[in-house]
Amino acid sequence: MKIIRSKQAKYPTLLKFAFAGEIGDVPDFKAKDGEVAVRYEQGFTVVYCGLGKREAMAPHKARTAAANGIRTVRKLERMGLSVILPQEVENKPDVELACVEGLYLGAYEYTEYKSEKPKQLRTCQLVGATAPTKKINDIIAACQAACYTRDLVNDNADAIFPERLADEARQICRQEGFTVTVLTEIMMEKKGLGLIHAVGRGADRPPRLIIMQYKGAPDKPEKTAIVGKGITFDSGGQNLKPSGSIETMRDDMSGAGAVLGVMKALAEIKPAINVIGVLAAAHNAIGAKAFFPGDVYKSYLGKTVEIGNTDAEGRLVLADAVAYCEKNYHPTEIIDVATLTGGILIALGTTVAGLFTKDDAMADRLFAAGEDTRERLWRFPLYQEFYDAMKSDRADLCNTAKLKKGYASALTGAAFIGEFVTETPWAHLDIAGTAYNDGSPKGETPQFGTGFGVRLMLKYLGVI
Ligand code: BES
Ligand code: ZN
Ligand code: ZN
């Protein structure tokens, strides 16, 4: 879908916004938050989108309203749409940008494996925009990147395997300013990346550690590393997941998918910053060659790890990825993004992700970015007892906690990763609840892969 700015509405399908209590003669429409009504008026199809009460207006309401509205337009199978942006509102440019996000993100639907495809909405006209064109274009690039991440998450595990993620990285890094390094399983063995190697060794499709470097400001010392969990399918390994938990596990590369999305947006926007994107990619398979519960494997950092459960594999691949990144690329801060634990889903549900860091400044900036893009975060503690719970009697660490089953599992999982970052400020985002929506679409959140984290990280990096 193309989004263009214009002075006048050209299409006979209009999308209009309305505040509760201020809407005149639209029958049976109260303009409540997210409410949508279709009315036919003098040859026009008008899709009304409710913004709720004017005094409670916030950009996220515009985002949700626009997304619900455009989803309705798609169902009507229109080719073109004219959007009359809200006028005379507080924070007008922010509201407009949120509308654009809602339009782009709400128009997304995954139809790859449907024989009959719905008609595409080709053009969406923005009428009455006042935000700078560059800002609008950057927001569109960020949304395109989030949709790219959604596509990667939504495709089959059979299609998205570690080497395929490496191919995606190579594609993105073709441009100037980028370099990409791909470590194969043989190189992993040689370099002592024993944890990611162990997780990936049972699969027919071997693991990859993928490092993408974007140097938009070669003279600046700051470089942020974003490290994504890229388990292209999580069967649980020998601790096999049961039916009911295994079916959506192609989404276990959502963190890596989000990192690819961010790098893709950087390639488009070309901001003056430095970013290292790392994908810890492996298929956690069951089979004759799979790693063993109870065995001890040696990490890149040198710490030995007892395997309490082969299904706690995300922290293993990330441990090696953050350690390798810190030692060889010297980032000034590290953020890992991972569908790490079922525990975060129990704690926060599907609309808020877990934030873990000891660095208050990073916490504040990440929290604020999440509020802005409405990919909200909530901070959890990293107290000493959670680190202590990961000690092993047989090795240095164990990948499962000594606590009662399920207790504080998101916190101990985070602490485990923290054991592998030695001195760099580090934050961990657990997106296991927010990366995938197995319910109906709602606002800017589609069914299936959500692309959670892409806009959040771009906001954090100051790109959008
Ligand atoms: N990939 C899962 C976490 C997950 C759960 C992601 C639900 C998305 C939705 C992860 O690898 C896992 O299996 N974690 C276990 C760890 C446990 C064995 C210590 C968990 O959280 O139950
Ligand atoms: Zn697992
Ligand atoms: Zn997993």
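Here's a quick briefing on a zinc site, a few strands and helices, and one contact between residues far apart in sequence. Keep in mind that this is a predicted model. The zinc ion (ligand 2) has protein donors from Asp234, Asp311 and Glu313, and the zinc ion (ligand 3) sits 3.2 Å away from it. Elsewhere, strand 8 pairs with strand 7 and is also joined to strand 10.

**The zinc site**

- Asp234 gives the zinc ion (ligand 2) an OD donor, Glu313 gives it an OE, and Asp311 chips in with both its O and an OD.
- Those protein donors lie 2.0 to 2.2 Å from the zinc ion (ligand 2).
- Asp234 does double duty, coordinating both the zinc ion (ligand 2) and the zinc ion (ligand 3).
- Along the chain, the donor residues of the zinc ion (ligand 2) follow the spacing D-x76-D-x1-E.
- Why is the arrangement around the zinc ion (ligand 2) irregular? There are 6 donor atoms, and the angles they subtend run from 72 to 169°. For six donors to count as octahedral, opposite ones must be over 155 degrees apart and all others between 65 and 115.
- For a yardstick, ideal angles are 90 or 180 degrees for six octahedral donors.
- Asp311 is partly exposed, because its relative accessible area is 23% and buried means under 20%.
- Glu313, with a relative accessible area of 0%, is buried.

**Strand 8 and its partners**

- Strand 8 covers residues 208-215, and 7 of its 8 residues are buried.
- Strand 7 (residues 178-183) runs antiparallel to strand 8, with 6 bridges between the two.
- In that pairing, Ile210 of strand 8 stands opposite Val182.
- Strand 10 (residues 274-284) is antiparallel to strand 8 as well, and 8 bridges join them.
- Looking for a landmark there? Gln213 has Ile276 in strand 10 as its bridge partner.
- As a rule, side chains in a regular strand alternate between the two faces of the sheet.

**Helices 2 and 3**

- Helix 2 spans residues 92-106 and helix 3 spans residues 133-154; their axes come within 9 Å.
- The two axes cross at roughly 30°, and angles under 35 degrees count as roughly parallel, so helix 2 and helix 3 are roughly parallel to each other.
- The crossing of helix 2 and helix 3 is right-handed.

**Thr373 and Lys459**

- Thr373 belongs to helix 10 (residues 360-373).
- Thr373 is buried, because its relative accessible area is 2%, and buried means under 20%.
- Lys459 is 86 residues from Thr373 in sequence, yet their C-alpha atoms are 7.4 Å apart in space.

Key
Residues numbered from 1 in each chain as written. Chains lettered and ligands numbered in written order. Predicted model: local features only at pLDDT ≥ 70, side-chain atom pairs only at ≥ 80, totals over all residues. Heavy atoms only, no water. Donors = N, O, S within 2.8 Å, 3.2 Å for Na, K, Ca; no water. Tetrahedral: all angles 85-135°; square planar, octahedral: opposite > 155°, others 65-115°. Buried < 20%, exposed > 50% of the residue type's maximum accessible area, 1.4 Å probe, protein only. Helix = DSSP H or I, 4+ residues; strand = E, 2+ residues; numbered from the N terminus. Pairing = 2+ DSSP bridges. Axes fitted to C-alpha atoms, helices over the stretch in contact; angles between N-to-C directions. Parallel < 35°, antiparallel > 145°, perpendicular 65-115°, else oblique. Left-handed = near helix turned anticlockwise from the far one by under 90°.
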